[in-house]
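Q: Please take a close look at one residue in this model and set it in the context of the whole chain. Where does it sit, and what surrounds it?

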Amino acid sequence: MRWIVTKDHHGGCIGLGEDADGVPARGKPEDGDALPVEFRLYTARGRLLFEGRCGDIAADWWHGMEPLLYAWATFRCRRLTWRAVGSDEPWRPLRP
């Protein structure tokens with residue numbers, strides 16, 4: 001699933017992500033504009049580190065875990081929340 005970091009609250013990771021084939025790739029934040037879901041990555045203590053865009057997590061939750069897995073060891077991200085772009089709904093935790 002394609003995903004990209006569009007806002008970096010940690011430093012040095014803007015544009016970090018993967019292409020549609022799961023290959024690590026860098027891009028510009030505006031590359032995420034075509035993706036339908038926005039996500040946030042947090043540490044275990046709840047500190048927001050990254051915001052980004054990705055493919056449809058509701059349709060494919062397994063691949064929706066990719067941003068979290070990528071940031072798990074390096075940045076100690078332990079939680080991902082998501083919602084559809086442009087939605088007023090509350091942020092949902094990633095759960096299978």
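A: What follows starts with the chain as a whole and then turns to one residue, Thr-43.

The model is predicted. Two helices and seven strands make up the secondary structure of the protein chain. Read from the N terminus, the order of the elements is β-β-β-β-β-α-α-β-β. The protein chain is as compact as a globular protein of its length, because its radius of gyration of 12 Å is close to the 12 Å that the globule rule gives for 96 residues. Along the principal axes, the C-alpha atoms occupy a box of roughly 25 × 25 × 25 Å.

Of the contacts in the protein chain with a separation of 6 or more, 54% join residues 24 or more positions apart. Buried residues account for 41% of the 96 residues. The exposed surface of the protein chain comes to about 5500 Å², with 52% of it supplied by carbon and sulfur atoms. As for charge, there are 14 positive and 14 negative side chains, and the centres of these two sets are 10 Å apart.

Within this chain, Thr-43 belongs to strand 4, which covers residues 37-43. Thr-43 has a relative accessible area of 14%, and buried means under 20%, so Thr-43 counts as buried. Once neighbours within four places in sequence are set aside, the contacts of Thr-43 are Leu-49, Phe-75, Arg-76, Cys-77 and Arg-78.

Conventions. Residues numbered from 1 in each chain as written. Predicted model: local features only at pLDDT ≥ 70, side-chain atom pairs only at ≥ 80, totals over all residues. Heavy atoms only, no water. Helix = DSSP H or I, 4+ residues; strand = E, 2+ residues; numbered from the N terminus. Rg over C-alpha atoms; globule rule 2.2 N^0.38 Å. Buried < 20%, exposed > 50% of the residue type's maximum accessible area, 1.4 Å probe, protein only. Contact = heavy atoms within 4.5 Å. Areas by Shrake-Rupley, 256 points an atom, 1.4 Å probe, with all protein chains shown as cover. Lys, Arg positive; Asp, Glu negative; His and termini not counted. Charge placed at Lys NZ, Arg CZ, Asp CG, Glu CD.
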